[in-house]
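User: I should like to learn how to read a structure of this kind, one feature after another. Would you please guide me through the example below?

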Amino acid sequence: MNIRCLSCGHTIDLDDAYSDYEGQIKCYTCQALLAVKMSDNIIRSVNLYRQAAADIQEEEIRGNP
Ligand SMILES: [Zn+2]
């Protein structure tokens with residue numbers, strides 16, 4: 001499954017572990033964070049969570065329980 005980064009337009013390749021996933025994904029190209037929601041191998045929503053910036057600190061990329 002592929003998601004297009006809303007910040008840089010690069011395609012992010014996701015493996016099957018993301019076929020049913022809700023949370024954040026980091027674009028490897030521009031380091032922007034995308035908030036995605038997927039189920040049944042279908043992308044339900046993609047939102048730009050945080051624009052890429054040089055001074056972003058690493059955060060836990062996990063949804064809250
Ligand atoms: Zn990007």
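User: Which residue in β5 does leucine 34 stand opposite?

Analyst: Please note at the outset that this is a predicted model. When strands pair, one may ask which residues face each other across the pairing. Here leucine 34 stands opposite leucine 48 in β5. Another such pair joins serine 39 with isoleucine 42 in β5.

User: How many bridges link β4 and β5, and in which sense do the strands pair?

Analyst: The sense of a pairing and its number of bridges are read together. β4 and β5 pair in the antiparallel sense, over seven bridges. They also form a hairpin with two residues between the strands, and aspartate 40 in the turn has a positive phi of about 50°.

User: How does β3 pair with β4?

Analyst: Strand β3, residues 21-26, pairs with β4 in the antiparallel sense, over six bridges. Across this pairing, glutamate 22 stands opposite lysine 37 in β4. The hairpin of β3 and β4 has six residues between the strands, and glutamine 31 takes a positive phi near 70° there.

User: In what order do the strands lie in the sheet?

Analyst: The order in a sheet is read across the strands. Three strands form an open sheet in the order β3-β4-β5, with antiparallel pairing. β3 and β5 stand at the edges, each with a single partner strand, so one side of each has no neighbour in the sheet. From one strand to the next, the twist averages 25°.

User: What does the secondary structure of the whole protein chain come to?

Analyst: The protein chain has zero helices and five strands. Along the sequence, its pattern reads β-β-β-β-β.

User: Which residues make up the largest nonpolar core?

Analyst: A core is read as a group of residues rather than one by one. The largest nonpolar core has nine residues: Cys5, Ile12, Ile25, Cys27, Ala32, Leu33, Leu34, Val36 and Met38. Strand β4, residues 33-39, supplies the largest share of this core, with four residues. In the protein chain as a whole, buried residues make up 14% of the 65 residues.

User: Which residues does leucine 34 touch, leaving aside those up to four places away in sequence?

Analyst: Contacts show which parts of the sequence meet in space. Leucine 34 touches Ile3, Cys5, Leu6, Gln24, Ile25, Cys27, Val46, Asn47, Leu48 and Tyr49. Across the protein chain, 29% of the contacts with a separation of 6 or more are between residues 24 or more positions apart.

User: Why does arginine 50 count as partly exposed?

Analyst: Arginine 50 lies in strand β5, residues 42-50. Exposure is judged by counting neighbours: a residue is buried with 20 or more other C-beta atoms within 10 Å and exposed with 12 or fewer. Arginine 50 has 15 C-beta neighbours inside 10 Å and therefore counts as partly exposed. From C-alpha to C-alpha, arginine 50 and leucine 34 are 6.9 Å apart in space, while in sequence they are 16 residues apart.

Notes: Residues numbered from 1 in each chain as written. Predicted model: local features only at pLDDT ≥ 70, side-chain atom pairs only at ≥ 80, totals over all residues. Core = buried A, V, L, I, M, F, W, Y, C linked by C-beta atoms within 7 Å. Contact = placed C-beta atoms within 7 Å. Pairing = 2+ DSSP bridges. Axes fitted to C-alpha atoms, helices over the stretch in contact; angles between N-to-C directions.
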